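The following account leads from a single pair of residues outward to the chain as a whole. Please keep the sequence and the model in view while reading.

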Amino acid sequence: MAVSSDFYLLVLAIDFKTTSSGYAYSPKVEYKYDPLNITVPSWDAPSSIQISYRAPTTILLDKDQNFVAFGYDAENNYAELA
């Protein structure tokens with residue numbers, strides 16, 4: 001079954017690893033897909049790291065197991081709670 005290229009609005013890559021994770025995406029702009037237009041967002045890393053394209057694979061949940069934070073935010077929030 002062939003799928004029209006108009007069906008996809010963006011291409012997303014997610015890389016979950018044991019200690020760190022990251023993602024990248026390539027949006028469709030003006031009904032055209034450009035495979036060289038790739039965005040790799042950076043995370044708000046600690047001041048010791050200037051630019052980080054990966055975040056710790058850390059998820060913070062509340063007592064009811066609802067999502068609270070991910071990555072550096074999860075680690076910082078947990079440190080404040082501890």
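**From a strand pair to the whole chain**

In this predicted model, Ile59 lies opposite Phe70, a residue of strand 6. The two strands concerned, strand 5 (residues 59-61) and strand 6 (residues 67-70), run antiparallel and are joined by three bridges. Together strand 5 and strand 6 form a hairpin with five residues between the strands. Within this hairpin, Gln65 adopts a positive phi near 65°.

Strand 5 and strand 6 belong to a protein with six strands and one helix. Their order along the sequence is β-β-β-β-β-β-α.

At the other end of the strand numbering, strand 1 (residues 10-16) leads to the surface: it supplies four residues, the largest share, to a nonpolar patch. This patch covers about 650 Å² and is built from Leu9, Leu10, Leu12, Ile14, Phe16 and Tyr23. Ile14 is itself located in strand 1. Ile14 counts as exposed because its relative accessibility is 51%, and the threshold for that class is over 50%. As background to strand 1, side chains in a regular strand alternate between the two faces of the sheet.

The totals for the protein complete the picture. Its accessible surface comes to about 6,900 Å², with 56% belonging to carbon and sulfur atoms. Of its 82 residues, 20% count as buried. Among the contacts with a separation of 6 or more, 21% are between residues 24 or more positions apart.

Terms used:
Residues numbered from 1 in each chain as written. Predicted model: local features only at pLDDT ≥ 70, side-chain atom pairs only at ≥ 80, totals over all residues. Heavy atoms only, no water. Patch = residues over 30% accessible without salt bridge, like charges linked within 9 Å, V, L, I, M, F, W, Y side chains within 5 Å. Areas by Shrake-Rupley, 256 points an atom, 1.4 Å probe, with all protein chains shown as cover. Salt bridge = Lys/Arg side-chain N within 4 Å of Asp/Glu carboxyl O. Buried < 20%, exposed > 50% of the residue type's maximum accessible area, 1.4 Å probe, protein only. Pairing = 2+ DSSP bridges. Contact = heavy atoms within 4.5 Å.
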